Amino acid sequence: MTATVIDGKAFAAKVRGKVGEHVARLKADHGITPGLAVVLVGEDPASQVYVRSKGKMTVEVGMNSYEHKLDVNTSEATLLKVIEELNADPDVHGILVQLPLPDHLDSDLVINAIDPAKDVDGFHVSNVGLLGTGQKSMVPCTPLGCLMMLREHHGSISGMNAVVIGRSNIVGKPMAQLLLNDSCTVTIAHSRTKDLQETVKRADIVVAAVGRPEMVTGDWIKEGATVIDVGINRIDAGLKDDGSPKTRLVGDVDYASCAAVAGAITPVPGGVGPMTIACLLANTVTACSRANGLKEPE
Ligand code: NDP
């Protein structure tokens, strides 16, 4: 069997197109421009890349982008003050604090200082609770992107066996919650899981969010299963012509061996990554619509 490739890049472009249309309507009919504020503390290179591309795409769909770049030594009090100001700013509908934060800052404290209505990452404890009880919330972008691809590919995923590998607050746990809300039978696996391979082998849907390059191999996958690869890992790829080291991006899934067994699979790059940013933009428009008592995008 050769798996269908779930093209996250193309799907994300479609989602961004719809976001752009909604933004245009908000402007034309109500004179409102949604605004997304991104706060970056320090100079982590990967975070800088993410923040730059988030800013670029925010502007491309017609929204306002506000970037707050703070020194790596910024105190907790200063960061909390910035968040307080953004919470109070009516032009800002979404606030995202880029993680990870430097060690001296308490991420939980900082995230929970964001107004839950503007928490477009969906990490505030109120949003986590709302999602867990099936109420209207802000849904974390990466798991939301995965769910949208699963729904697009399968239509309904009700009754399917899903295994999520990884139990982080930002990917694994909300992913499992979303799959449960969509009536999957969900197993959450992690580093202490016994017989991981056998557990994964029973899954109709596998979501790998581990942070270990190409860990999941084809012999773990049930014939015809759908494999969603959340991992983003940069690995060595020999040397460039000029002798400098070369790297390449791989997921948590060994693509070639899994694609030979799976029914459908997301590639890395071009799978979950682009959907994450598209969902961030969609969440910002949703937050803006809710803040103004207007119809939300579907
Ligand atoms: P974390 O490091 O926070 O969590 C990793 C999880 O994997 C933990 O629950 C850990 O278990 C589990 N794990 C680690 N090793 C094993 C193992 N050998 N067997 C089974 N489980 C294991 O990572 P994140 O959730 O933040 O991210 C996961 C991956 O997704 C990373 O590659 C990250 O770069 C990527 N990512 C991609 C995004 C995108 O937009 N595409 C967005 C966010 C993340 P335990 O809890 O027991 O330690």
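Q: Which residues around the ligand come nearest?
A: A residue counts as near a molecule if its C-beta atom, placed from the backbone, lies within 6 Å of it. Here 26 residues surround the ligand, and Gly166, Ser168, Ser191, Gly211 and Thr276 come nearest. Keep in mind that this is a predicted model, where local features need pLDDT of at least 70, side-chain atom pairs count only at pLDDT 80 or more, and totals for chains, interfaces and linings use all residues. Residues are numbered from 1 along each chain as its sequence is written.

Q: What does UniProt place at Gly166?
A: UniProt positions follow the numbering used here, with shortened feature names, and annotations may be inferred rather than shown by experiment. The unreviewed UniProt entry gives a "binding site" at Gly166, Arg167, Ser168 and Ile232.

Q: Is Gly166 buried or exposed?
A: Count the other C-beta atoms within 10 Å of a residue's own, all placed from the backbone: 20 or more is buried, 12 or fewer exposed, and in between partly exposed. Gly166 is buried because 23 lie within that distance, whereas Arg167 has 17 and is therefore partly exposed.

Q: Where does Gly166 lie?
A: Helices (H or I, at least four residues) and strands (E, at least two) are DSSP runs, numbered from the N terminus. Gly166 sits in the loop between strand S5 (161-165) and helix H7 (172-181), and Arg167 lies in the loop between S5 and H7 too.

Q: In what order do the six strands form the sheet?
A: Strands pair through backbone hydrogen bonds, either parallel or antiparallel; DSSP must find at least two bridges between them. The open sheet here runs S1-S11-S8-S7-S5-S6, with parallel pairing.
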